[in-house]
Structure formats: C-alpha cells, structure tokens
Amino acid sequence: MMEEVMEMLEALEDLILRARARLTNVVMNEELTPSTRQELFIALGRINLAYNLVLNIMSKLGKRGVR
C-alpha cells in the first residue's frame, strides 16, 4: 500500500514539474496582456505550493523526490 502511495506521489510530482515548466515557458515567451500575465503568475504560485505539498508528504513518508 505504501509503495503504491509513493508511486502516485511521484507521478503527481512529475505532472506538477511538467505543468510548472510549461507555464513558466508561456509566461516568459508569449506576448500577454498584463492582467493575463498576472493570472498566470498566480497559477504558477499555486503550482509551486502543490509541488511543495507533494515534497512534504514524500518527506514525511520517508522518501524525498527532489529533482
């Protein structure tokens, strides 16, 4: 059971990292209105919070998946 939880957390970590990289690329490279850019930065902040939560859970379970 614990191994399955860790696998799901690692998969979630991977998805978060991919989303963060893609969103960062869009924010930095696309021509956006200031309000749209602000909304994307807010979304990026939320993605970072989710990533930190996943890392904290993994740490509590005894495995740290830092990349």
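What follows is a quick walk through how two helices pack in this predicted model.

The pair to look at is helix H1, covering residues 2–29, and helix H2, covering residues 34–60. Their axes sit 9 Å apart and meet at an angle of about 160°. Since angles over 145 degrees count as roughly antiparallel, that makes H1 roughly antiparallel to H2. The crossing of H1 past H2 is left-handed. Sorted by class, the residues where H1 meets H2 come out as 21 nonpolar, two polar and four charged.

Then there is the nonpolar core. The largest one is made up of 14 residues, and H1 and H2 each put in at least two of them. The residues with the most contacts inside this core are Leu9, Ile16, Leu23, Leu40, Tyr51, Val54 and Met58.

Ile16 is a handy one to zoom in on. This residue belongs to helix H1, and it counts as buried because its relative accessibility is 9%, where the cut-off for buried is under 20%. Setting aside neighbours within four places in sequence, Ile16 touches Ile47, Ala50, Tyr51 and Val54. Ile16 also shows how the fold brings separated parts of the chain together: Asn48 is 32 residues away in sequence, yet the two C-alpha atoms are 8.1 Å apart in space.

Leu23, another of the core residues with the most contacts, has its own set of partners. With neighbours within four places in sequence again left out, Leu23 is in contact with Leu40, Ala43, Leu44 and Ile47. Ile47 thus turns up among the contacts of Leu23 as well as those of Ile16.

Definitions and conventions
Residues numbered from 1 in each chain as written. Predicted model: local features only at pLDDT ≥ 70, side-chain atom pairs only at ≥ 80, totals over all residues. Heavy atoms only, no water. Axes fitted to C-alpha atoms, helices over the stretch in contact; angles between N-to-C directions. Helix = DSSP H or I, 4+ residues; strand = E, 2+ residues; numbered from the N terminus. Parallel < 35°, antiparallel > 145°, perpendicular 65-115°, else oblique. Left-handed = near helix turned anticlockwise from the far one by under 90°. Nonpolar A, V, L, I, M, F, W, Y, C, P; charged D, E, K, R; others polar. Core = buried A, V, L, I, M, F, W, Y, C linked by side-chain atoms within 4.5 Å. Buried < 20%, exposed > 50% of the residue type's maximum accessible area, 1.4 Å probe, protein only. Contact = heavy atoms within 4.5 Å.
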